[in-house]
Amino acid sequence: MDQDEVFERRYRAVKSRDHRFDGQFYTAVSSTKIYCRPSCPAQTPKPENVTFYSTSAAAHEHGYRACKRCLPEAAPGTPEWNTRQDLAGRAMRLIREGTMNDGGVTALSTQLGYSSRHLHRTLSAELGAGPLALARAHRIHLARSLLVGTSLPITEIAFAAGFSSVRQFNETARAVLGATPREIRTRAQHRPGISAAPLASGVCDSAGAQQLSLRLALPVREPFNAVELFTFLAERAIPGVEATRLDDEALTYARTLRLAHGPAALQVTATPTEGLAEPQSVRWRLHLECELSAWADIPAMVAVARRLFDLDADPAAVGAALAEDPVLAPLVARSPGLRIPGTADGPEYLVRAVVGQQISVSAARTQLSRLVDALGTEHVSSFPGLSRLFPTSEEIVTGVPAPPARTGPGPRPVLDPERPLRLPARSIATVRAAAAALASGELTVDQGADTRVLHDQLTAMPGIGQWTASYLMLRVLGDPDVWMTGDVVLLNGAKRLGLLDPELKKAAAHRALESHARGWSPWRSYAAMHLWQAATNLPDQTQKDGRS
């Protein structure tokens, strides 16, 4: 699509005030020097006065400030950073995590493996703004949500959002939002239906340190299939580390995790606005409650929550593309807004995926529960059902013993019945090798990873196959275009839908399905979610695929 076509498509979205494009691009108007979200209710500007930017930072850099009427900084994020696996996409994912808040551009460029100069040049060319401007835009976006959604003191908000001083925060707010932080908060408090959430501190962690509590709204782009997503996470929840509650009034998922400044916990609640009588048309409100060791972990916590629930996805674009296939069209109609369930911690999920290889979801959950009970650290949380932290890579290397070697033709070695994992020796060796690589820094699994490089690193390790590596790209990095050749459940789902000849042998069926799936690109990960859903009524023994 050339630039003229892109402009026309975006301008049509602005004329129709299409909410689906909010957060995906920004409309800057030269006659007012203001930028808006596409759905802004103000009079549609003349096309000759309009410039479109893919980031709000680019609009800031060109002298525009945010519209006070449509509040473009309050829109859901763009799915582009998950879709793009290039340097710009990887950098934006890390900026969302708050990587620059402690180490600046140097920390970001080091983690990405490029010089600061090359990183600045690339981001400026690709996104219209350098890393400092992009980080500043993300900080003010987070700060605005804290100002209008919490009673956190303004000084705390400045440092929690990543600003180096209150003065810098004030100057940025005036430049970008056209108002001081105090004016933003006062204005929000006078809007109908807006009230600041209280700070409900009082919980202490296992070391006796005070936990800081916060509640925030999570913007989401509709449609959002909350039921399927929360159910997927509930079926794989590890007791103590994760807890879920699914009922007609609300869906809740909670879990513990480790952040840069200490242990933490989150709880995300999805509440239907009009009941569940017609699931396809339900709209959801999402809220994040978090317990933190330091306010500086707020950016990372919000990023985890948005990643877990794929909140920056573009469900309309995904659904429209997949519905072009007559086999998937009925599934898309039945389950609009199906999302990719994400993960809170990359290293943790590598261990979970390796443990889950070639066993059922329920068996993997049992094994992982034993691991957590044996090696996990106790954690105190006010969220029901949370009591432990998943063990670190170092704790797994130390606490999971290597399987005893069998020497000669004699009897098998006696195994310790209390061992943390009751898996075959080869699986134990793979878990230990993966944990050791993570602990040493030889392997890094985070949001800045290059998917191709990481995939190759994983498959080079003994015991980790193509399927497991691809599954990790889908779950950990949110890659929307992953296909997991060899997945038995995908095959079963395709057969139930009549997509494959039931007489085909397994290898030929996998090849045929992989070939057909190329037509679903660049949304093959979402197509996989629909096929998994289609296969859910199959007997449990057919689901031994490691999708833990």
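In which loop is Pro223 placed? Select Pro223 and the chain on either side of it, and you will find it in the loop between β6 (210–218) and α11 (226–235), where helices (H or I, at least four residues) and strands (E, at least two) are DSSP runs numbered from the N terminus. The peptide bond that leads into this proline, from Glu222 to Pro223, is cis, with omega near -5 degrees.

Before moving on, keep in mind that this is a predicted model, in which local features need pLDDT of at least 70 and side-chain atom pairs count only at pLDDT 80 or more, while totals for chains, interfaces and linings use all residues. Residues are numbered from 1 along each chain as its sequence is written, and side-chain values use heavy atoms, with hydrogens and water left out.

**Another cis proline**

Select Ser521 and Pro522 next, because the peptide bond between them is also cis, with omega near 10 degrees, as the backbone torsion will show. Pro522 lies in the loop between α22 (506–517) and α23 (524–534).**Helix α22**

From that loop, step back into helix α22 and select Ala509, which is found there. At 0% relative accessibility, Ala509 counts as buried, on a scale where buried means under 20% relative accessible area, exposed over 50%, and partly exposed in between (1.4 Å probe, protein chains only). Leaving aside neighbours within four places in sequence, Ala509 is in contact with Leu491, Leu500 and Leu504, contact meaning heavy atoms within 4.5 Å. If you add Leu490 to the selection, the C-alpha atoms of Ala509 and Leu490 are 11 Å apart in space, with their positions 19 residues apart in sequence.

**Two positive phi values**

Now colour the backbone by phi and go to Asp310, where phi is near 50 degrees, a positive value in a residue other than glycine. Asp310 is placed in the loop between α12 (298–308) and α13 (315–322), and it is buried, with a relative accessible area of 9%. Gln358 likewise has a positive phi, of about 65 degrees, although it is not a glycine. Gln358 lies in the loop between α15 (346–355) and α16, and is exposed, with a relative accessible area of 63%.

**Helix α16**

Following the chain onward from Gln358, select Ser369, which is found in helix α16 (residues 361–375) and is buried, with a relative accessible area of 15%. Not counting residues up to four places away in sequence, Ser369 touches Ile238 and Pro239. For a sense of scale, draw a distance from Ser369 to His141: the two are 38 Å apart, C-alpha to C-alpha, and 228 residues apart in sequence.

**Salt bridges**

A search of the whole structure finds 14 salt bridges, each one a side-chain nitrogen of Lys or Arg within 4 Å of a carboxyl oxygen of Asp or Glu. Begin with Arg167 and Glu171, whose side chains meet at 3.1 Å, N to O. Both residues lie in helix α9 (residues 166–177), four residues apart, about one turn of the helix. Arg167 counts as exposed at 63% relative accessibility, whereas Glu171, at 40%, counts as partly exposed.

Next select Glu395 and Arg258, which form a salt bridge with their closest N and O atoms 3.9 Å apart. Glu395 lies in helix α17 (residues 393–399) and Arg258 in strand β8 (residues 251–259), so this pair ties together parts that are 137 residues apart in sequence. Both partners count as partly exposed, Glu395 at 26% relative accessibility and Arg258 at 33%.

Then move to Asp450 and Arg452, where the side chains meet in a salt bridge of 3.6 Å, N to O. Asp450 is buried, with a relative accessible area of 16%, while Arg452, at 59% relative accessibility, counts as exposed. To see bridges that share partners, select Glu242, Arg255, Glu348 and Arg352, which are joined in this way into one network.

**A charged patch at the start of the chain**

The tour ends at Asp2, Asp4, Glu5 and Glu8, which gather in a patch of negative charge on the surface. Such patches are made of residues with over 30% relative accessible area and no salt bridge, with like charges joined within 9 Å and nonpolar side chains (Val, Leu, Ile, Met, Phe, Trp, Tyr) within 5 Å. Asp and Glu count as negative and Lys and Arg as positive, while His and the chain ends are not counted. Of the members of this patch, select Glu8, which is placed in helix α1 (residues 3–15) and is partly exposed, with a relative accessible area of 43%.

Key
Areas by Shrake-Rupley, 256 points an atom, 1.4 Å probe, with all protein chains shown as cover. Charge placed at Lys NZ, Arg CZ, Asp CG, Glu CD.
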